[in-house]
Amino acid sequence: MSRPSDQKTERYQIRLAPAQKAMIARAAALSHQDVADFILNKVVPEAQAVIEAAEVTKVSDRNFTRILDLLENPPKPNAKLRAAIAALPETL
């Protein structure tokens, strides 16, 4: 019999204090969830938020338009930029 593609197959183990384990179990019971679902329902959204904060840059519509304009029409290099380019190593 083949497994459905959405079936959970990975296992994650952590060590925690007995008081933490009891508190999590109590909170899960009060939420009418098993411990694994309770933990996943709390951890996964937090993980998504951390990843989004690290990988997504949000800008206003005005700034987005300005960025696009600068990409399409970059300013001419000034003396500081030319000096910075000259100071770069030959290979990066």
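**Chain dimensions and helix packing**

Me: What radius of gyration does the protein chain have, set against a compact globule of 92 residues?
Reply: For a compact globule of 92 residues, the radius of gyration (over C-alpha atoms; globule rule 2.2 Å times the number of residues to the power 0.38) would be near 12 Å. This is a predicted model in which local features need pLDDT of at least 70 and side-chain atom pairs pLDDT 80 or more, whereas totals for chains, interfaces and linings use all residues. Residues are numbered from 1 along each chain as its sequence is written, and side-chain values use heavy atoms, without hydrogens or water. The value for the protein chain itself is 25 Å.

Me: What does the C-alpha trace span along its principal axes, and which pattern does the chain follow?
Reply: Along the principal axes, the C-alpha trace of the protein chain spans about 65 × 40 × 35 Å. Its secondary structure consists of four helices and zero strands (DSSP runs, numbered from the N terminus: H or I of at least four residues, E of at least two). Read along the sequence, the pattern is therefore written as α-α-α-α.

Me: How are α1 and α2 oriented to each other?
Reply: Helix α1, residues 18–30, packs with helix α2, residues 35–55, their axes (lines fitted to C-alpha atoms over the stretch in contact) lying 9 Å apart. The angle, taken between N-to-C directions from 0 to 180 degrees, is about 90 degrees. With 65 to 115 degrees as the range for the term, α1 and α2 are therefore roughly perpendicular.

Me: Which residues meet where α1 packs on α2, and how do they divide by type?
Reply: From α1, the residues in contact (heavy atoms within 4.5 Å) are Ile24, Ala25, Ala27 and Ala28, and they meet Val35, Phe38 and Ile39 of α2. Ala, Val, Ile and Phe are among the residues counted as nonpolar. The contact divides into no charged, no polar and seven nonpolar.

How values were computed: Parallel < 35°, antiparallel > 145°, perpendicular 65-115°, else oblique.
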